[in-house]
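User: I'd like to go through some labels on this structure and ask what each one rests on. Can you set the values against the cut-offs for me?

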Amino acid sequence: MAERLLVIGGDAGGMAAASQARRQQPYMEIVALERGRWTSYSACGIPYLVAGDVGSHEELIARSPEEFRDRQRIDVRMGHEAIGIDLASRKVEVRDHTRDRTLQLGFDLLHIATGARPIRPPLPGIDSPYVHGVQTLDDGIHLLEHAERGGCETAVVVGGGYIGVEMAEAFLRRGMKVTLVEADEQVMRTMDPDMAAPIATALRQLGIDVRLGVKAEGFEDGVVHTSAGSIRADIVVLGLGVAPNAGLAADAGLKTGVRGAIRVNRRQQTSVDGVYAAGDCAESYHRVTQRQVHVALGTVANKQGRVAGLNLGGGYATFPGVIGTAITKVCDFEVARTGVNQEEADRAGFEYETVKIDSTTRAGYFPGTQPITIKMLAERDTRRVLGAQIVGREGAAKRIDVLATAITAEMTVDDVIDLDLAYAPPFSGVWDAVHIAARKGAEALDKAVAARLR
């Protein structure tokens with residue numbers, strides 16, 4: 001009798017594993033449980049759905065349950081929620097919401113991809129129907145339906161991270177009056193304060209009311225109560241981040257680590273043989289700090305799921321880790337980062353130099369050139385690039401990929417200076433902004449060495 005692989009979770013971390021295992025094992029029985037209505041969708045596309053860039057929620061679905069069943073013979077069971085795992089008997093207790101029943105499913109191999117849950121602090125009124133999260137596609141659909149109702153004129157976004165600034169723009173483009181409330185003194189905490197400041201400026205120039213150092217304290221009758229007074233809101237979005245949805249695994253006895261995420265090794269194996277995990281519910285290894293971290297990104301979930309699936313199918317694969325690369329935009333203002341910022345570098349104990357340069361996305365004389373600012377961190381002794389951040393206008397942020405590659409390859413600033421990057425006036429100056437940042441980094445490191453030798 002063929003082995004049964006049971007997958008808990010029907011999005012990236014789960015279905016990437018199920019698909020890869022099927023390629024390895026054509027006769028394995030694969031059952032996937034998903035408590036919601038959709039599989040393999042892009043939650044990252046929800047702000048663009050709300051803004052109107054994406055025509056319908058169907059466009060965000062990469063592969064439907066029917067496609068998994070018909071093309072890969074994966075038994076996807078929608079409306080099925082895993083509510084308990086018995087590792088000793090190798091069984092999962094499942095609540096079938098479609099038939100209002102509870103059943104048990106046995107497994108030989110288990111893969112957990114339960115994702116993350118949005119952080120919802122216990123504030124008065126936080127469960128009001130006009131207060132939305134944007135973690136799942138269902139969340140996005142409900143949010144869009146609310147925004148399209150008549151009389152929805154004012155929006156408050158609580159939290160100034162990636163999802164917060166993206167949702168603020170989405171509401172603005174719908175013609176709504178938007179207020180963004182952030183308890184910290186800057187938006188986008190993964191950026192250094194000096195790089196985050198122009199982001200807040202850009203948001204304000206668009207017409208978004210950005211209130212920093214202001215805490216949300218409760219929600220009531222179309223009003224958000226804050227530490228600096230009340231704000232009218234027909235609709236509210238919470239962008240306070242997410243936490244690993246790993247309670248099911250922890251209750252079963254699997255080891256957890258950073259922020260309660262499931263502890264996994266390089267092959268995505270958990271602390272119990274035959275049980276794997278991937279995606280937002282699992283830990284990752286940071287290649288720069290060499291520490292375990294929790295990174296909730298679709299890119300990471302897909303890569304971890306692929307590795308888990310190869311191993312579940314009898315192959316061999318490892319996930320080398322992450323370096324925290326992320327990118328977003330607000331209208332034509334672009335933001336990106338990779339590696340470590342200064343706070344992270346300090347916490348990891350690095351000795352480093354920082355440089356910041358202002359340049360242009362094209363040759364300075366070429367029509368349509370836009371500003372770009374790059375901040376780079378480089379380790380003093382090794383001269384390797386530790387991190388980088390970019391803010392600028394159209395054409396700026398994707399340069400982060402060059403720097404992410406450099407960090408992954410443990411390249412020095414001198415290596416980056418010598419990179420044979422493409423040049424033509426419509427795309428960059430003869431010295432690209434990345435080159436210029438690396439040159440300034442090399443100069444700063446040389447000065448630091450000279451100062452120590454005096």
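Analyst: Let's start with contact, which means heavy atoms within 4.5 Å. By that rule, and leaving aside neighbours within four places in sequence, V131 is in contact with R120, G125, I126, F219, V236 and L238. Keep in mind that this is a predicted model.

User: Why is V131 called buried?

Analyst: Buried means under 20% relative accessible area. V131 has 6%, so the label fits. The residue lies in strand β9, residues 131-132. As for A51, which is 80 residues apart from V131 along the chain, the C-alpha atoms of the two are separated by 18 Å.

User: And what makes A406 buried or exposed?

Analyst: The relative accessible area of A406 is 0%, and the cut-off for buried is under 20%, so A406 is buried. A406 sits in helix α10, which covers residues 400-408. Not counting residues up to four places away in sequence, A406 touches M411 and V416. The C-alpha atoms of A406 and L386 are separated by 9.2 Å, with their positions 20 residues apart along the chain.

User: How do you know that R35 and E81 meet in a salt bridge?

Analyst: The rule asks for a side-chain nitrogen of Lys or Arg within 4 Å of a carboxyl oxygen of Asp or Glu. For R35 and E81 the N to O distance is 3.6 Å, so the pair counts as a salt bridge. R35 lies in the loop between β2 (29-34) and α2 (46-51), while E81 is in strand β4 (residues 80-86), so the pair ties together parts that are 46 residues apart in sequence.

User: Why do R35 and E81 get their accessibility labels?

Analyst: Exposed means over 50%, and R35 has a relative accessible area of 53%, so R35 is exposed. E81 has 24%, which falls between the 20% and 50% cut-offs, so E81 counts as partly exposed.

User: What makes R173 and E169 a salt bridge?

Analyst: Their N to O distance is 3.8 Å, and the limit is within 4 Å, so R173 and E169 qualify. Both are in helix α5 (residues 162-173), four residues apart, so about one helical turn separates them. R173 is partly exposed at 40%, whereas E169 is buried at 4%.

User: How do you know that R189 and D184 meet in a salt bridge?

Analyst: The N to O distance is 2.9 Å and the cut-off is within 4 Å, so that pair passes too. R189, at 38% relative accessibility, counts as partly exposed, and D184, at 27%, also counts as partly exposed. Elsewhere, salt bridges that share partners join D53, E169, R173 and K329 into one network. In total the structure holds 31 salt bridges.

User: What makes R439 a charge over the face of W431?

Analyst: The distance part of the rule is CZ of Arg within 6 Å of the ring centre. R439 lies over the face of W431 at 4.4 Å from the ring centre, so the distance fits. R63 lies over the face of F68 at 5.4 Å from the ring centre, so that distance fits as well.

User: How many aromatic pairs are there?

Analyst: Zero. The rule needs ring centres within 6.5 Å.

User: How many cavities does the rule give, and which residues line the largest?

Analyst: The count comes to one cavity of 30 Å³ or more, and the largest has a volume of about 30 Å³. Its lining is made up of P47, Y48, A51, D53, E166, E169, A170 and R173. Helices α2 and α5 each supply at least two lining residues, and α5 gives the most, with four.

User: Why is S40 called buried, and what is its phi?

Analyst: S40 has 13% relative accessibility, and buried means under 20%, so S40 counts as buried. Its phi is positive, about 45 degrees, although S40 is not a glycine. S40 is found in the loop between β2 and α2.

User: And D100: buried or exposed?

Analyst: D100 has 60% relative accessibility, and exposed means over 50%, so D100 counts as exposed. D100 also has a positive phi, about 55 degrees, without being a glycine, and its place is in the loop between β5 (91-96) and β6 (101-106).

How values were computed: Residues are numbered from 1 along each chain as its sequence is written. This is a predicted model: local features need pLDDT of at least 70, side-chain atom pairs count only at pLDDT 80 or more; totals for chains, interfaces and linings use all residues. Side-chain values use heavy atoms; hydrogens and water are left out. Rings of Phe, Tyr and Trp (its six-membered ring) pair if their centres lie within 6.5 Å; planes under 30 degrees apart count as stacked, over 60 as edge-to-face and the rest as tilted. A charge sits over a ring if NZ of Lys or CZ of Arg is within 6 Å of the ring centre and within 35 degrees of the ring normal. Buried means under 20% relative accessible area, exposed over 50%, partly exposed in between (1.4 Å probe, protein chains only). On a 1 Å grid over the protein atoms alone, a cavity is a set of points where a 1.4 Å probe fits but cannot get out, and a pocket is an open set with protein on both sides within 12 Å along at least five of seven lines; lining residues have an atom within 4 Å of a point. Grid points are joined across faces, edges and corners, and a volume is the space filled by probe spheres set on the points.
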